[in-house]
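Colleague: Thanks for making time today! Could we go through the model together, starting with its open spaces?

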Amino acid sequence: MTPNLQTARQTETVFRTENLNIYYGNFLAVKDVSIKIPKHCITAFIGPSGCGKSTVLRCFNRLNDLIKSFHIDGKIYYHDQDLYSSEIDPVEVRRQVGMVFQKPNPFPKSIYDNIAFGPRLLGYKGDMDVLVERSLKQAALWDEVKDKLKESGTAISGGQQQRLCIARAVAVQPDVILMDEPCSALDPISTLKIEDLLQELKEQYTIIIVTHNMQQASRASDFTAFFNVQANDKGQRTGYVVEYDRTEVIFQNPMQEATREYVSGRFG
Amino acid sequence: MVPSTNDSQSMNWHRSEASRWLDKGFIGVTGFFGIAVALVLLAIALRVSIDAFPAIQKFGLGFITTSRWNPVENLYGAWPQVYGTIVTSFIALLIAVPIGVGVALFLSEDFLSPRIQRPIVFLVELLAAIPSVVFGLWGIFVLIPLLTPIGKWFHETLGWIPLFNTVPVGPGIYVAGLVLSIMILPIIAAISRDALVAVPLELRQAAYGLGATRWETIFQVILPAAFSGIVGGVMLALGRAMGETMAVTMVIGNANVASPSILAQGSTVSSLLANQFAEASGLQISSLMYAALILFGLTLIVNILAELLVRSVRLKL
Amino acid sequence: MTSQEFASNVLPRRSLKRVPSSPRTLFSAVMTVVAFACAAIALIPLISVLYYVIINGAGRLGPDLFTQLPPPPLVKGGGFGNAILGTLLTVGMAAAISIPFGVLAAIFLSEFARDTVVADWIDFFTNVLSGVPSIVVGVFAYALVVVTTGTFSAFAGGVALAVLMLPTIVRTAAESLESVPNETRQAAIGLGATRFQTTIQVVLPAAIPAIVTGVMLAISRAAGETAPLIFTALFSQYWAKGVWEPIASLSVLVFNFATVPYKNQQQLAWAGALVLVGMVLITSILSRWATQRKR
């Protein structure tokens, strides 16, 4: 499914999935996803819980590899490389495709060491102070923490922790940042701060964000994929993509009735 | 019908009065036993101190620093035993900590499917359940014949180092240290594993998400986060090693000397007690009580520290 | 310098392809091998102990082993019937003391003092008590019973083992009681039951299977203990005459016969070790089976 790009500027594709099916053991969790994620845009995944939007997200940085029973068929291409080919190193993938999680998860280390963690792993030789400052500024956190860089990353507020996690992801200069409901644990003010931040970050990074919050998707994203879930006769619930298009199309003039119902709040 | 209702009401009232006393009595009795558990520890400390008092009075702190055990002249000092306890425990930790933490990592990571992993966890637990005296028997008849040639090789090649400057004759400090390391390994492995498993999955994912490999994640995120729990486990193991008696008594040689060589024979406080107590009397008993008190004090400090560490971890979760 | 340039300057983008020879990949591979090796090393002593105990001990298994008295040096035959009986007797006494003591204390901790400072302290003391070396507990029992009664005795050994079992019983019983859901208690109290009735008739029965598992483990550990018995219960070559006499036990027999030069007695020590290990093995498997079934 390709979003209607006639009205959009033509951009390069970062991720392309073809007939992607995701399994846990024999259980089909998500079926037949064929989407393209454009570069330097914010793509939102919305849908009811259990529809597999986070599962799809975690395929893009191969984080699902941590689950033993997980496997896929179909293809995911990242810049035309087959992401699940046996010669791909998932560790290298995750370094280029960063991730911000639902619950802020700073390491129990200092703010400085949280940011420096990734660059140190990668053998960064330059001036770490500069990199830390730059990353914190990119995450709009510098002014709030510049005087307490040695304090623990877990000692700041939840909203600040989440921006710290964004700064930490940005510090390794990824190509893509995946965000798995990054605001669901935050208050409305922190949420707005992060939404503003997203607009700045998309100048440099491709962003995919999973969200429960439809206002957030409509405010912040350029493209939106609506996921839904259907149960088979055995009661197994399988997610699929109903519709994928420019965000204003999804929210104002969707093709599918299910999408219209969901975005207008009549769903479920 | 009316009187009978009254009747049953008054009976109810009586019953609840009686049962209220029963309740109070029951809570009182359980409370007595609950507090008595704590008092057992104090009773041990008190009783052993009182019986050790004559020896404490006579030898003072010099008891710990002098090497003599002379029932004929009634002069006692437990330096070789204190030294032996410290050295054997140290050797045991030196071997068991890296291997135990390695086992804990092996069992907390997903290298194997749970179906294979669970029996291994069980086997490691089983190692902790084997009676000390069985390890001693195994030590005498299996480990010592195996280790003596190795000890001889060390003495011949590295004999100029004080650590190996005695000829191994079978039992010895190094054998005791090795047997102890086997016995404390399951403690370190089990408690470290608990601490590792308790590290939140989010931290692991965060590290993986930044492009860390499995072992970078372990060394830089998981082990630091589990550190105090692991240290708690090591302390518990140390307490166990210091107090362990039978296996050590059976393989250490029970020589009343403090030799710098680990190939030499030696003794520990607990082996001294095991060997002498049944046939001792008078001031010798009191001196043995003094030695027991020292052992009690050492393990108490170590155990309290361990307990506080393990607790602080539990509170954080 | 724009951010884009900065990015590509500081951390050049690398290929996504696996590089088996890269230091990071090699380090991971080596460490994984090390972890497997640690697990293997940890299992070697266990396998070795089980192997030698079985091959050296199994030959002496037979009815005589459990019914005869230990033989003098160099005499064939005999058994350790008296030691088995002695172990049963001392452990039985220890259980008779420590189970009611421990379970009542656990009821207090779980039912009446949960989340209080008192419970916290008792819990702390219990854990520290479980770390007291068994030889020190033996010394305590010696001072308490042997000195007072003027004789080594089965009872003194029982007291020593009871002190050793106590923390395990308190802890496992308290855990089992605490795992009984609160709804169960509320249901009983809602029906007008007193706290005594609730505890004795509802909570305790619900926790009994788990408590039995814990008690079984404590008993099997106590039966293998040697250090607290060597100068309390001492040893005896003969059948037990009563609880106020020195008494044989299986673990002390293994200790005594392991350190003598006579082949026949050494064989008996191995057979004793086999019985002790077998007992530990069976209780461990049973308790594991019981806890797994509960889940």
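Colleague: What volume does the second largest pocket have?
Modeller: A pocket here is an open set of points on a 1 Å grid over the protein atoms alone, where a 1.4 Å probe fits, with protein on both sides within 12 Å along at least five of seven lines. Volume is the space filled by probe spheres set on the points, which are joined across faces, edges and corners. For the second largest pocket this comes to about 820 Å³.

Colleague: Before we go on, which pLDDT do local features need?
Modeller: Residues are numbered from 1 along each chain as its sequence is written, with chains lettered from A and ligands numbered from 1 in the order in which they are written. This is a predicted model, and side-chain values use heavy atoms, leaving out hydrogens and water; totals for chains, interfaces and linings use all residues, side-chain atom pairs count only at pLDDT 80 or more, and local features need pLDDT of at least 70.

Colleague: Which elements give two or more residues to the lining of the second largest pocket?
Modeller: The lining (residues with an atom within 4 Å of a point) takes in 34 residues, and Pro90(A), Val91(A), Arg94(A), Tyr208(B) and Arg214(B) lie nearest the pocket's centre. Helices are DSSP runs (H or I, at least four residues; strands are E, at least two), numbered from the N terminus. On that basis the elements giving two or more residues are α2 (90–96) of chain A, α7 of chain B and α2 of chain C.

Colleague: How many residues of that second largest pocket's lining are charged?
Modeller: Asp, Glu, Lys and Arg count as charged; Ala, Val, Leu, Ile, Met, Phe, Trp, Tyr, Cys and Pro as nonpolar; the others, Gly among them, as polar. The lining has 11 nonpolar and nine polar residues, and its charged residues number 14.

Colleague: Arg214(B) lies by the centre of that pocket, so to speak; with which residue does Arg214(B) form a salt bridge of 2.5 Å?
Modeller: A salt bridge needs a side-chain nitrogen of Lys or Arg within 4 Å of a carboxyl oxygen of Asp or Glu. Arg214(B) sits in helix α8 of chain B and its partner in the loop between α3 (79–108) and α4 (114–129), so the pair ties together parts 105 residues apart in sequence. Arg214(B) is partly exposed at 21% relative accessibility (buried is under 20%, exposed over 50%, partly exposed in between; 1.4 Å probe, protein chains only). A network of salt bridges links Arg214(B) with Asp110(B), Arg204(B) and the partner asked for, which is buried at 2% relative accessibility: Glu109(B).

Colleague: How far apart in sequence are the parts that Arg16(A) and Asp80(A) tie together?
Modeller: Their closest N and O atoms are 3.3 Å apart, making a salt bridge. Arg16(A) counts as partly exposed at 24%, while Asp80(A) is exposed at 64%. Arg16(A) is in strand β1 and Asp80(A) in the loop between β5 and β6 of chain A, so the parts joined are separated in sequence by 64 residues.

Colleague: Which residue meets Arg219(A) in a salt bridge, and is that partner buried or exposed?
Modeller: The side chains come to 2.6 Å, N to O, and the pair links helix α8 (residues 214–220) with helix α7 (residues 188–201) of chain A. Arg219(A) is partly exposed at 47%. The partner has a relative accessible area of 5% and is therefore buried: Glu195(A).

Colleague: Now to the closed space: which helix gives the largest share of the lining of the largest cavity?
Modeller: A cavity is a set of points where the probe fits but cannot get out, and the search finds one of 30 Å³ or more. The largest holds about 30 Å³, and its lining includes Met99(A), Phe101(A) and Leu210(B). Six of the lining residues are nonpolar and one is charged. Three come from the helix with the largest share, residues 158–171 of chain A: α6.

Colleague: How much area is buried between chain B and chain C?
Modeller: The contact (heavy atoms within 4.5 Å) takes 80 residues from chain B and 78 from chain C. Phe26(B), Val37(B) and Trp215(B) lose the most area on chain B's side, and the rule finds two salt bridges across the interface. Buried area is the accessible area (1.4 Å probe) that two parts lose on being put together, summed over both. Carbon and sulfur atoms give 82% of the total, which is about 7100 Å².
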